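Open the model in your viewer and keep the sequence panel handy. Let's take a walk through it, one selection at a time.

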Amino acid sequence: MALLALCALLCSVSCKHKAAWEEGKKVAHFSVRAKLGTLDPIRSSSTYDNEVQSQVYEGLYTYKYLVRPYQLEPLLAKALPTVSEDGLTYTIDIREGVLFHDDECFPGGAGRELVAKDFEYSFKRMADAHNQPTGWWIFQDRIAGFDDFQKRMSERGDAAFDWDAPVEGLKASGKYQLQIKLVRPFPQLLYVLAMGYSFVVPRECAEYYGDRFSNTAIGTGPFMLRTWTRGSRIILDKNPSYRDAYYPSEASPEFQDMLGDAGKKIPFLDAIVYHVYEQDQPMWLKFRVGDLDMTQLPAEYHEAVFNKDLTLRKTFVDAGIRNYNLPLLDFIYRGFNMEDPVVGGEKNKYLRQAISLAWDTKELNDAFYNNTCVLYDAPVPPGLDSYVAGVTSPYRGPDLERAKALMVKAGYPEGKGLPHLLLETSSGGNTEEQAEMFARALKEIGVQLDVNINSFSELSTKLKKKKAQMFGLAWGADYPDAENFLQLFYGPNEAPGSNNFNYKNPAYDALYDQSRTLQPGPERTAVYQKMREILIEDVPSFGHLARTRFYLWHGRLKNVLPDETFDGWRKYVNIEEQD
Amino acid sequence: MWPYILRRLLWGIPIVLGVTFTVFLGLHVMKGSPGAAFMGKAATVEQLEKFDRDHGFDKSYPEQFVAYLGEVFTMDFGRSWKTDRPVSDMISEGAGKSISLTLPALVLTTLVAVCLALIAAYFRGRSLDRGIMIVAVVGMSVSFLVYIVVLQYLLAFLFPIFQIHGYEPGFWERWQFLILPILIQVVVGMGYDTRFYRSVFVEEIGKDHITTAYAKGASQKRVMFVHVLKNALIPIITRVMISIPFLVTGSLLLEQFFGIPGIGSLMLASLDTDDFPVIKALSVLISMLFIVSTILNDIFYAVVDPRVRLK
Amino acid sequence: MSRDGFWGSRPVRKIMRDRWALVCLVIISCYVLVALAVMLGIFDLNYDARIGDKYLSPSFESWQHLLGTDRQGRSILVRTIYSAKIAIGVGMVSALVGTIIGGILGAVSGYHGKRVDDFLVWLYSTVQSIPYLLLLIMLTYAVNRGIAGLYIAFIATSWVGPCRMVRGEVIKLREAEYIQSARAMGYGDWRIIFRHVLPNTMHILLVYFALLFVAAIKSEVIISFLGLGVRGEPSWGIMIKQSQAELINGIYWQIGAATVAMLILVLCFNIFADALQDALDPKAL
């Protein structure tokens, strides 16, 4: 009892949890739901890494905050690039007078001005395997001479890496001008330049900090790193020397009411504190008591917070909580290894179709996602220009009668003669429970399914070695373009590339080659339609879902339009003055 | 005394070797290179090969093992592959946080358990004894996870007495966050200790000199506190000393749910992300700690009972 | 131990007089019987079948609805009963193999001394000083995850405690008169170990059996929480893991059912172990 009294006493002194430095300042408390790995943009390996990096670092392009569907706008570039007639040469002018954050790595400690050479250096860092770049693929086989440069340098070893060796297709053609020459037209280049991997870092700092560089962050962004308490939190302060940038005055019709701060200088926040959570319960409770200003809603709490029509329940509305249901450009699927003798290839098509028909994606959506996912059939999720609503695949389950008929056609009536199939999936979340449900569905048509749970690296190793017979994975869009999804089935991308299915269909590949150089538009969409039909018939993957992410925040936050395609939007968030 | 200590320390060497070998077997032989986890979803074969070369996975197993032994010998485990920070920094930071959770918990648990055990032993066989023992046994029969989930919800949210989650590095600031996890640890650990100490006390009470003390007319309370407690000190201290390594390994679940970046969560994170340098360093250091605490325990016995040295 | 027959021996008589211990023994037996019935397929429990909507609260609609349903609309009562199989299985394997291997190795180690002793002491010191979580995860790499990994992990670690205790006891026993005389009569070492040494360490092994049983059941929860436990069938650990987040939405029946089912079993084992220890050897372990 005395102990409890003592605790209560201690707590009454300290429980209103607000640090002294926060007094009179606009401080927002956000959450990340996993430990942060790195602050080095080219090593980013999770959306959370990327989110924090995006507040500190910037790239050439980004997306318009209040415009949907997505539209690019210049960030560190002055304007959209000039593209040559043949679509191969991009000339990008860079904003003048942009300063890096002050840091001891610069002579005198004052941040230097950004120049075009910085981009040349930053992109070249991805060619150095010593940096463990996770994003080299965005430039691989794209930029003239870059692959060759990467090969030459990696043969030389780490010490002899020559940063000044020229790359034909990547050079600063002026102090503020960058020129990129492509191997073949790549309409998605600007999307790639808007990704976190393409953020600009100053060479002095990367070299000064060397192997410790991923623990610091010196960029041009609206916020700068104050402290990073590993595994606990990260504090970012407003960058006092941030260039003059303003809240947008352009918005899609549905976001017109968010223009209240139009034309005001950003960023509004004096500081951002990111808290690290390894469990859902404390994160949710912290949000409920108001210590966190914004959070993603963990799926388990969905029913308690939302009505069936996905509007916020009254108690939460009354408590001043706001929400935005963000449809993700997401491709959750179960796939087959098309080289596997039992499930792969043209001859086992009926078996794959039968499995797809036995599987009830709706039930999964209901049990695990509270019916918040969108079901779709070809790998282009809703929200992209080539998505076609309302057309369903003839092999979307559940239809046990047809599934059983197809099992007969496949040569396995009621599953007789079919060996046990093996599904490889990664651990975490409720993937195990989902696998239970899947195995139960397949039992209905006589297919015995074993499940193997892997760590993520075990699973990706198996995929790279073509060792996984069936697998469950999620692919998040790198950029808002259907090409990012359709390339997953392109023959030459087979493992160890991104085509985990090892799907090889000459007709599909020919169409892909044809679509590669096309700009988004009706012509390209027509080609994509044909590709989509091929995939639906061949069933290399099935049970496709696109998730919805539920963002919640307390009413004192203003100008919030959550998005995960780009993360730099926290600079637009404002906090209502407290009285 | 010194030759004895030296002998015991030398005896620790093969154990560290055994641990080193087991960990090596688990990581390098059975698991193999984790390059794919570090190079991302679009890693090329050349990148993976480069990773293997940089981290010695292209060498033969004996060579790899010797390299690991070298790290153990020099106590230099290099940098974490995940965070690029010196492994020693990461461990020393984490250890401080784990200890500020586990040490107060151990002290409190021991105090509470000894008191309860004394009361139970004093009233042995009566209803108070039964009551205490039943509470102790019920307390230890519920899963740790359930305690955490329920108490965090009840005592930090529904009745906001404590902090839900978080950590401040400052020495005084950290305690507001630590009280609830410490309390949970005490509740969970109390059952075992109370039962153990009670049996120690009951055994002491049965001994000859206690009976003699009674015969000499000492009061029951005096006998209990002076004679019994004094003699029971040895098993109490032994039990506390055995717990020393666990102070550093921390409590994984508590650290995860309350956001304390200690060794428990570091261990899980490094296993999850295949951060070999951290796993290798942690396993060797913790096993050394085990050995040192055993030796301290033996020395303690040797001091208390000089006959031990002759063995 | 006294030698006037099993039922007449002092410890058994003492236990038989302890009403609480007997009640606990009966309850434990019930759990074991249920688990056996599940294992042998006598109860036809379809733990995966949907019996209604998700998150139905407990009701008297049918016996399967008594404890409500989970996220997939499956009966929690059925799943709770079925889970006894894993709990008893894990507990039994861990406790049985742990005490048998630990007992024999401990006796051999203590009896032989010298090299054998050095080696076995080294072996258990090594196993003991590797962090448990690390050992467990490494073992699951080796034998893949799932129930086999779980069993192997428990076996690999559970023998250490009994081995150490038995070894200490045997070192004391080794010089006892009746062992000396058995040796003088020319009996082989193994015969002495099995006929004379081990029976005299029975009190340690029995108590350890109960302790290991409880420890295994409780570890299963933590291991399942980390995603390293059984696959494809329910266990109390899986149930607690799958339902811990629902609790603050007021959905208490799944976590409650699993916790109470486990609580009763573990409680009985603890009380019984206490009684056993009192009866066999009042000295502390």
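Start by selecting Leu423(A) and Met470(A): Met470(A), in strand 17 of chain A, is the bridge partner of Leu423(A). This is a predicted model, so everything on the tour is computed from predicted coordinates.

Now widen the selection to strand 15 (residues 421–426) and strand 17 (residues 470–476) of chain A. These two strands pair in the parallel sense, over two bridges. Add strand 16 (residues 449–454) of chain A, and you have another parallel partner of strand 15, this time joined over six bridges. To find one of the links, pick Leu422(A) and look across to Asp450(A), its bridge partner in strand 16 of chain A.

**Next stop: where chain A meets its neighbours**

Color chains A and B separately and look at the region between them. How many residues of chain A are in contact with chain B? There are 44, and they touch 43 residues of chain B. On the chain A side, select helix 1 (2–14), helix 7 (280–288) and helix 14 (456–464), the elements that each give two or more residues to this contact. Coloring that side by residue class gives 15 nonpolar, 21 polar and eight charged residues.

Then bring chain C into view. Here, 13 residues of chain C are in contact with 18 residues of chain A. What classes of residue does chain C bring to its side? You will find two nonpolar, five polar and six charged residues there.

**Next stop: chain B as a whole**

Hide the other chains and show chain B as a cartoon. How many helices and strands does chain B have? The tally is 14 helices and zero strands, so reading along the sequence you meet one α after another: α-α-α-α-α-α-α-α-α-α-α-α-α-α. The C-alpha trace spans about 85 × 60 × 35 Å along its principal axes. Chain B has 311 residues, and 44% of them count as buried. Among its contacts with a separation of 6 or more, 71% are between residues 24 or more positions apart in the sequence.

**Next stop: two helix pairs in chain B**

When you look at two packed helices, keep in mind that they are described by the angle between their axes and the distance between the axes.

Select helix 5 (residues 87–122) and helix 10 (residues 220–242) of chain B. Their axes come within 12 Å and cross at roughly 140°. Because angles from 115 to 145 degrees fall in the oblique class, helix 5 of chain B is oblique to helix 10 of chain B. The crossing of these two helices is right-handed. Show side chains for Leu106(B), Thr110(B), Val114(B), Leu118(B) and Tyr122(B) on helix 5, and for Met224(B), Ile236(B) and Val240(B) on helix 10, and you have the residues that make the contact. By class they are seven nonpolar, one polar and no charged.

For the last selection, move on to helix 13 (residues 263–272) and helix 14 (residues 276–304) of chain B. They pack at an angle of about 135°, with their axes 8 Å apart. That angle makes helix 13 of chain B oblique to helix 14 of chain B. Is this crossing left-handed or right-handed? The crossing of helix 13 and helix 14 of chain B is left-handed. Leu266(B), Met267(B), Ser270(B) and Leu271(B) in helix 13 meet Val278(B), Ile279(B) and Leu282(B) in helix 14. This contact divides into six nonpolar, one polar and no charged residues.

Terms used: Residues are numbered from 1 along each chain as its sequence is written. Chains are lettered from A and ligands numbered from 1 in the order in which they are written. This is a predicted model: local features need pLDDT of at least 70, side-chain atom pairs count only at pLDDT 80 or more; totals for chains, interfaces and linings use all residues. Axes are lines fitted to C-alpha atoms, for helices over the stretch in contact, and angles run from 0 to 180 degrees between N-to-C directions. Helices (H or I, at least four residues) and strands (E, at least two) are DSSP runs, numbered from the N terminus. Angles under 35 degrees count as roughly parallel, over 145 as roughly antiparallel, 65 to 115 as roughly perpendicular and the rest as oblique. A crossing is left-handed if the near helix is turned anticlockwise from the far one by less than a right angle, and right-handed if clockwise. Two residues are in contact if their C-beta atoms, placed from the backbone, lie within 7 Å. Ala, Val, Leu, Ile, Met, Phe, Trp, Tyr, Cys and Pro count as nonpolar, Asp, Glu, Lys and Arg as charged, and the others, Gly among them, as polar. A residue is buried if 20 or more other C-beta atoms lie within 10 Å of its own, exposed if 12 or fewer, and partly exposed in between; C-beta atoms are placed from the backbone. Two strands pair if DSSP finds at least two bridges between them.
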